[in-house]
Amino acid sequence: MIPKIILGTGPNATRRTIGYLFGKGRANEHTDPHLVASWNDFAPDPGRSPHRNRKDVEDQLAAQLNQPVKMLGDKAPKHTVWHCPVRAAPEDPILSDAQWADIARRIVAAAGIAPDGDEEACRWVAVRHADDHIHIAATLVRQDGRRPQRDYDKRAVRSEARKIEVDYGLRRLKPGDGTAAKRPTSKEHFKAKRQGQDTTAREVLRLRVRRAVAAASSEAEFFALLEATGVTVRPKTEPSGDVTGYSVALPGDVNKQGEPIWYAGSTLAGDLSLPKIRQRLTDTGPEPVAAPPGNPWHHATAATERIPHHLLNGDDNVAQGQLEALGGALDLLPETAPAAVKTELARAAAVFERATRSRITADCDSTRVLRRSVQAIWRNRTPVGDGSGLAMLLDAALIAVAFAMHWHRKHQHAQQEAAAQQALVHLHTAYAQIAGPVLDNLAQRAPALQTQRRYAHHIQQAVPEYAERILKDRAWDALATVLAEAEAMGHNAATVLDQAVNQRTLDDARNPARALTWRIQRLGQRHAPGPWAQAAKIQSTTQRPTAASVHPAAAVPSSQPSRGRRR
């Protein structure tokens, strides 16, 4: 159940609100508008007065509601109308008028508009003009001339709505922390529907601004990227010449006067205000400016693989920074992906956006590699290779998003947890479409059986607890192929396998065979050490002093980590 509070201003606010509630609606969506409850239970009902002119009854109802406000004259408050639509979920049962009346009374009591038993409270009515919702309209002067005590009414109304959901067996929404992006208004939804659009201008702009933030290395580049995507930008410039904010609009999105409809960045989402964007660019910009040399897909994957470690072992500020960086990476991936998975990746990014914000301040210092690597991928969007880069990055992202879900659960971020869970569904779908053909292509180049037996022995030595599962997996042939390709590049198969195992524990890998395939493919494409370097490494390993020889206390037996575990 979703309540939303809107405040009305001006001398005609009450009459205007009543006219809308009992009218046809902006898209003729209002059916059978009528009162289900009121402050005195016998207010005039324009929807149930068949022998009177409806406009006259609307005038009478508005006059009665507005009487306490009118009595104050010039001392009336700026905001005179409190308007709260309360909507049930599509899958909820249709409630009766009596049930909606009870809900309305509970909402106005929780908001401080009309506390239970207060006969001098504000005047209010509840209007129903559809099966799934009501509108509560109240005037913001009590009948004794005082102002209502409605401190934190939005929070109180949301809390009461959660109780109503339980009492009436309705769909239970996740409690929020006040960091969610602003939802499109009903007016914006109806406008998009009239224009044949699936999304509102607000949502389109929020997506384009988020992508520009993720792709930009500087403030100037951020604004340039916005304009390059067809967004009209209006900086907010102070008399001193300093730019302190910005607004954006879509070409063709105009009001009745033909003027562009502007949205300030902060009204699209709290983290899209110019000060917040500047802070993020500063935290991740100074060094290094460019992505590290090498394959950016590999660097992005390695950075994404480290996110679970930050979520488990870093402080909350670092963890929040990692989630923001992961969200930025997901924002840009649809721009770099094949057409077949663009939609699923865009959906994953859209829902995960909610999981990137919380009340915890982000420390983005550790996110530079991920941001710069994904930016490098985005700048060079020409398809390269067989798609394995995207597949390995998605494999790492799936694990990172799963850890994000558990991190939010630990911190009781219910909405963010649900968002991460939804993102997993879309990422799984995209990953399956990308990884399947890549693995099949690798499997077709599998080495001879004798070579595979040698690799199987290495697997049994390196990860005995996973060996049987890996060797029976459909991805085993692909894993054998990348081991053979690593050997062809001059690597030692056993060594590169050990390196892949020790990069990160396989305990949280969804599929150990695939995880090792992507890791070894990355390692195998690195420059292989020469024979002298390999010999020196082997010699240094065999001559390395033991812990016992360094300190006597180290000879005390202790539990050693098994192979495949983080060291």
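**Figure 1. Strand S5 in the predicted model is covered on both of its faces.** Trp124, Ala126 and Arg128 lie on one side of S5 and Val125 and Val127 on the other, and all of these residues are buried. The model shown here and in the following views is predicted. Strand S5 covers residues 124-128, and 5 of its 5 residues are buried, so the strand is largely enclosed by the rest of the structure. Strand S3 (residues 34-38) pairs with S5 in the antiparallel sense over 4 bridges. In S5, valine 125 has serine 38 opposite. Strand S6 (residues 133-139) also pairs with S5 in the antiparallel sense, here over 5 bridges. A hairpin of 4 residues connects S5 to S6, and arginine 128 is positioned opposite isoleucine 134 in S6.

**Figure 2. The protein as a whole contains 23 helices and 9 strands.** The C-alpha trace spans about 100 × 50 × 50 Å along its principal axes. Of the 567 residues in the protein, 47% are buried. Among contacts with a separation of 6 or more, 73% are made by residues 24 or more positions apart.

**Figure 3. Strands S7, S8 and S9 form an open sheet.** The 3 strands follow the order S7-S8-S9, and their pairing is antiparallel. Strand S7 (232-237) and strand S9 (263-264) occupy the edges; each has a single partner strand, so one side of each is left without a neighbour in the sheet. Strand S8 (residues 243-249) pairs with S9 over 2 bridges in the antiparallel sense. Valine 248 is found opposite tyrosine 263 in S9.

**Figure 4. The largest cavity has a volume of about 110 Å³.** Its lining comprises 16 residues, of which Glu305, Asp395, Ala396, Ile399 and Arg519 are the closest to the cavity centre. Helix H10 (296-305), helix H15 (388-410) and helix H21 (512-524) are the elements that each give two or more residues to this lining. By class, the lining of the largest cavity divides into 7 nonpolar, 3 polar and 6 charged residues. The structure holds 5 cavities of 30 Å³ or more.

**Figure 5. The second largest cavity encloses about 100 Å³ of space.** Among the 14 residues that line this cavity, Glu324, Ala325, Gly328, Ala329 and Arg371 are the closest to its centre. Two or more lining residues come from each of helix H9 (274-284), helix H12 (316-336) and helix H14 (368-379). H12 supplies the largest share of the lining, with 6 residues. The lining of the second largest cavity consists of 7 nonpolar, 4 polar and 3 charged residues.

**Figure 6. Helix H15 is largely enclosed by the rest of the structure.** This description follows because 19 of the 23 residues of H15 are buried. At 1.5 Å a residue, the 23 residues of H15 should span 33 Å, and the end C-alpha atoms are 33 Å apart, which agrees with that expectation. Glutamine 412, which follows H15, has a positive phi, near 60°. Helix H15 is also one of the elements that give two or more residues to the lining of the largest cavity.

**Figure 7. Arginine 211 of helix H6 is shown with its contacts.** Helix H6 comprises residues 201-215 and includes arginine 211. The relative accessible area of arginine 211 is 18%, and the residue therefore counts as buried, the limit being under 20%. Residues up to four places away in sequence aside, arginine 211 touches Asp331, Leu332, Pro334, Glu335 and Ala346.

**Figure 8. Arginine 381 lies in the loop between H14 and H15.** With a relative accessible area of 39%, arginine 381 is partly exposed. The residue touches Glu335 and Thr336, when residues up to four places away in sequence are not counted. Threonine 336 is 45 residues from arginine 381 along the chain, yet their C-alpha atoms are separated by 5.4 Å. Glu335 also appears among the residues that arginine 211 touches.

Notes. Residues are numbered from 1 along each chain as its sequence is written. This is a predicted model: local features need pLDDT of at least 70, side-chain atom pairs count only at pLDDT 80 or more; totals for chains, interfaces and linings use all residues. Side-chain values use heavy atoms; hydrogens and water are left out. On a 1 Å grid over the protein atoms alone, a cavity is a set of points where a 1.4 Å probe fits but cannot get out, and a pocket is an open set with protein on both sides within 12 Å along at least five of seven lines; lining residues have an atom within 4 Å of a point. Grid points are joined across faces, edges and corners, and a volume is the space filled by probe spheres set on the points. Ala, Val, Leu, Ile, Met, Phe, Trp, Tyr, Cys and Pro count as nonpolar, Asp, Glu, Lys and Arg as charged, and the others, Gly among them, as polar. The expected span of a helix is 1.5 Å times one less than its number of residues. Buried means under 20% relative accessible area, exposed over 50%, partly exposed in between (1.4 Å probe, protein chains only). Two strands pair if DSSP finds at least two bridges between them. Contact means heavy atoms within 4.5 Å.
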